[in-house]
Amino acid sequence: MTDFKDRERAEEAKFAMDEETAFKLAARRNRLLGEWAAGLMNLTQEETDAYKKAVVQADFEEAGDEDVIRKLLGDLTAADVDVTEADIRLKLEEMTVEAKRQLMSDS
């Protein structure tokens with residue numbers, strides 16, 4: 001019985017660690033996306049820092065990436081930046097890879 005409990009605790013710990021890693025990855029990716037978009041909008045460093053946080057916060061609106069894509073597309077369009085939803089989705093994929101690379105090098 002102890003072996004089963006130990007295995008159950010190990011699975012729970014692994015699940016918690018996987019969830020934490022996924023959260024860190026998404027937050028880092030969103031900060032990178034915010035930095036990219038801020039550069040396109042020619043924001044100051046202070047504005048860029050605030051914008052990166054706003055992009056991270058936008059990800060809490062709903063599950064998935066649609067909330068982040070919608071925010072970036074709306075903000076970039078409002079700033080007269082010529083960007084498409086496809087451009088943002090491509091950048092999202094690139095920043096996911098970069099965020100994974102950064103997390104792995106931090107470990």
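**Packing of helix 1 against helix 3**

Student: In this predicted model, are helix 1 and helix 3 roughly parallel or roughly antiparallel to each other?

Tutor: The two helices pack at an angle of about 10 degrees, with their axes 10 Å apart. Angles under 35 degrees count as roughly parallel. Helix 1 and helix 3 are therefore roughly parallel.

Student: Which residues in helix 3 meet helix 1?

Tutor: By class, this contact has 7 nonpolar, 1 polar and no charged residues. Helix 1 contributes N30, L33, W36, A37 and L40. Their counterparts in helix 3 are V68, L72 and L76.

Student: Is N30 buried or exposed?

Tutor: N30 lies in helix 1. Apart from residues up to four places away in sequence, N30 touches V55, V56, D59 and V68. Its relative accessible area is 1%, and the cut-off for burial is under 20%. N30 is therefore buried.

Student: Which helix supplies the largest share of the largest nonpolar core?

Tutor: This core has 20 residues, and those touching the most other members are L33, W36, A37, Y51, L72, L76 and I88. At least two residues come from each of helix 1 (2-40), helix 2 (45-58), helix 3 (66-78) and helix 4 (85-106). The largest share, 6 residues, is supplied by helix 1.

Student: Which residues does L33 touch, leaving aside those up to four places away in sequence?

Tutor: L33 is among the core residues that touch the most other members, and in helix 1 it is one of the residues that meet helix 3. Beyond four places in sequence, L33 touches V68, L72, K91, L92 and M95.

Terms used. Residues are numbered from 1 along each chain as its sequence is written. This is a predicted model: local features need pLDDT of at least 70, side-chain atom pairs count only at pLDDT 80 or more; totals for chains, interfaces and linings use all residues. Side-chain values use heavy atoms; hydrogens and water are left out. A nonpolar core is a set of buried Ala, Val, Leu, Ile, Met, Phe, Trp, Tyr and Cys residues joined through side-chain atoms within 4.5 Å. Buried means under 20% relative accessible area, exposed over 50%, partly exposed in between (1.4 Å probe, protein chains only). Helices (H or I, at least four residues) and strands (E, at least two) are DSSP runs, numbered from the N terminus. Contact means heavy atoms within 4.5 Å. Axes are lines fitted to C-alpha atoms, for helices over the stretch in contact, and angles run from 0 to 180 degrees between N-to-C directions. Angles under 35 degrees count as roughly parallel, over 145 as roughly antiparallel, 65 to 115 as roughly perpendicular and the rest as oblique. Ala, Val, Leu, Ile, Met, Phe, Trp, Tyr, Cys and Pro count as nonpolar, Asp, Glu, Lys and Arg as charged, and the others, Gly among them, as polar.
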